[in-house]
Amino acid sequence: MADGVEELEAECEERLVFLRERHVRFFLRCLQVLPEGYSSLETSRLTIAFFALSGLDMLDALDMVNKADIIEWIYSLQVLPTEDNSNLNRCGFRGSSYLGMPFNPSKRPGVVHPYDSGHIAMTYTALSSLVILGDDLRRVHVDACLAGLRALQLEDGSFCAVPEGSENDMRFVYCASCICYMLNNWSGMDMKKSIDYIRRSMSYDNGLAQGAGLESHGGSTFCGIASLCLMGKLEEVFSEKELNRIRRWCIMRQQNGFHGRPNKPVDTCYSFWVGATLKLLNIFQFTDLEKNRNYIMSTQDRIVGGFAKWPDSHPDALHAYFGICGLSLMEESGVSEVHPALNVSRRTYERLQHLHHIWKAKDSKQSARAYTLLHD
Ligand SMILES: [Zn+2]
């Protein structure tokens, strides 16, 4: 009898061990060959690559991938302006090579194609992945990317995903904010309109919804609050009283792990969406870390690696990544610190800051040279 109890205890203990090496192998596999279940995500392949690359970055294991090859692949997905610039409003990045466009990782003009256009989430994950891989974004056609982004913004301040028209909501406001932040250029959006959109999405129960009049949701609350943080406008937009109400809504989302809406089951990814929002609102330390960690660990796949949304379910790239980011918020050993607004490792965030510094120095050098030329 005593033996049985001890065995059970040992098994419980074992289940709480973070299997770093398994997760590294899980993400490496995601970059090579994916199970059939992923086939419908072909047009969004870049997002899967982002989960795997940022996941490896969080585990400090990026030296195990061929960075140069992946950088070339990502650049080959850039929708470049054609010779006559007639497709500027369709520029950005496509999700994969499904259209069969000629492979072109350079910044040379693009080829005319009636169905070729960028997708806002692909542009966001492409830029993010490039920064994660240590690229300096030199081959990004910044003006075209920003023109493509502006074309996606609607009158109400929200964004569509593609120029042909699609859903428009808070997810894409967040993608747009990340794109502008990474390119260090906010001319890609009418910021005032986006801020109004975020404000109007605050629901009667003080969470943020995908848009005005809709139901509060942990994912859209993250997207709204993180966007405002990237813009540097959080305290300007919401009063301290309003921020406290948002804090209350978020902190009430913890059961053992977190759920995204009242009366919904907990799900691994909300340990990041809600956890990161609480971190941005400076009250993550008041959550129950042990219960949160135990829930995330109960969804760890101990054989193939990765995390699932629920215990005893199949792991997938998204939940593997956000499970690790959720653990990072609790300073899990063997996991890098995550930047809660930009959703990359702190290390990658700092590299981006350094890049912006170099651009700024170059800009002022160039304007100084132009000034000398003009005045000599
Ligand atoms: Zn989920």
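Trainee: Which helix gives the largest share of the lining of the largest cavity?

Mentor: Helix 6 does, with 3 residues. Keep in mind that this is a predicted model. Helix 5 and helix 6 each supply at least two residues of that lining.

Trainee: What makes this space a cavity rather than a pocket?

Mentor: A cavity is space where a 1.4 Å probe fits but cannot get out, whereas a pocket is open. A search of the whole structure finds 1 cavity of 30 Å³ or more. The largest cavity holds about 80 Å³ of space, and that value is above the 30 Å³ cut-off used in the search. Its lining is made of 15 residues, and C91, T123, G148, L149 and L152 lie nearest the centre.

Trainee: Which residues of helix 6 are buried?

Mentor: A144, C145, L146, A147, G148 and L149 are the buried residues of helix 6 (residues 142-150). These buried residues pack against strand 2 (92-93), helix 5, strand 3 (159-160) and helix 7.

Trainee: How much space lies in the largest pocket?

Mentor: About 830 Å³. The pocket is lined by 33 residues, and F51, A121, R171, W273 and L318 are the closest to its centre. Helix 3 (45-58), helix 5 (120-132), helix 7, helix 9 (218-231), helix 12 and helix 14 each contribute at least two residues to the lining.

Trainee: Now the metal. Which atoms are the protein donors of the zinc ion?

Mentor: The donors are D267 (OD), D267 (OD), C269 (SG) and H319 (NE2), at 2.1 to 2.6 Å from the zinc ion. A donor here must be an N, O or S atom within 2.8 Å of the metal, so distances of 2.1 to 2.6 Å pass that test.

Trainee: Why is the site of the zinc ion called irregular?

Mentor: Its 4 donor atoms make angles of 54 to 115 degrees. Tetrahedral would need all angles between 85 and 135 degrees, and 54 falls outside that range. Square planar would need opposite donors over 155 degrees apart, and no angle here goes beyond 115. Anything else counts as irregular, so that is the label.

Trainee: What spacing do the donors follow along the chain?

Mentor: The spacing is D-x1-C-x49-H. C269 lies in the loop between helix 11 (240-251) and helix 12 (270-280), and H319 lies in helix 14 (residues 317-329), so this pair ties together parts that are 50 residues apart in sequence. Both C269 and H319 are buried.

Trainee: How do you know that L228 is buried?

Mentor: Buried means under 20% relative accessible area. L228 has 0%, so L228 is buried. L228 sits in helix 9. Leaving out residues up to four places away in sequence, L228 touches I195, I198, K233, L234, V237 and F238.

Trainee: F238 is on that list. Which residues touch the most other members of the largest nonpolar core?

Mentor: F93, I120 and F238 do, in a core of 108 residues. Helix 7 (residues 170-183) supplies the largest share of this core, 12 residues. Apart from residues up to four places away in sequence, F238 touches R199, M202, L208, I225, L228, L243 and I246.

Trainee: Why does H217, at 18%, count as buried or exposed?

Mentor: The cut-off for buried is under 20%, and 18% is under it, so H217 counts as buried. H217 is in the loop between helix 8 and helix 9. Setting aside neighbours within four places in sequence, H217 is in contact with L208, A209, W249, G260, R261 and Y270.

Trainee: And what makes N184 partly exposed?

Mentor: Its relative accessible area is 42%. Partly exposed covers values between the buried limit of 20% and the exposed limit of 50%, so N184 fits there. N184 lies in the loop between helix 7 and helix 8 (191-200). Phi of N184 is near 55 degrees, a positive value in a residue other than glycine.

Trainee: Where is N343 found, and how do you know that N343 is buried?

Mentor: N343 is in the loop between strand 5 (338-339) and strand 6 (344-345). Its relative accessibility is 2%, so N343 counts as buried. N343 has a positive phi of about 60 degrees although it is not a glycine.

How values were computed. Residues are numbered from 1 along each chain as its sequence is written. This is a predicted model: local features need pLDDT of at least 70, side-chain atom pairs count only at pLDDT 80 or more; totals for chains, interfaces and linings use all residues. Side-chain values use heavy atoms; hydrogens and water are left out. Donors are N, O and S atoms within 2.8 Å of the metal (3.2 Å for Na, K and Ca); water is not among the atoms, so sites may look incomplete. Four donors count as tetrahedral if all angles lie between 85 and 135 degrees; four count as square planar and six as octahedral if opposite donors are over 155 degrees apart and all others between 65 and 115; anything else is irregular. Helices (H or I, at least four residues) and strands (E, at least two) are DSSP runs, numbered from the N terminus. Buried means under 20% relative accessible area, exposed over 50%, partly exposed in between (1.4 Å probe, protein chains only). A nonpolar core is a set of buried Ala, Val, Leu, Ile, Met, Phe, Trp, Tyr and Cys residues joined through side-chain atoms within 4.5 Å. Contact means heavy atoms within 4.5 Å. On a 1 Å grid over the protein atoms alone, a cavity is a set of points where a 1.4 Å probe fits but cannot get out, and a pocket is an open set with protein on both sides within 12 Å along at least five of seven lines; lining residues have an atom within 4 Å of a point. Grid points are joined across faces, edges and corners, and a volume is the space filled by probe spheres set on the points.
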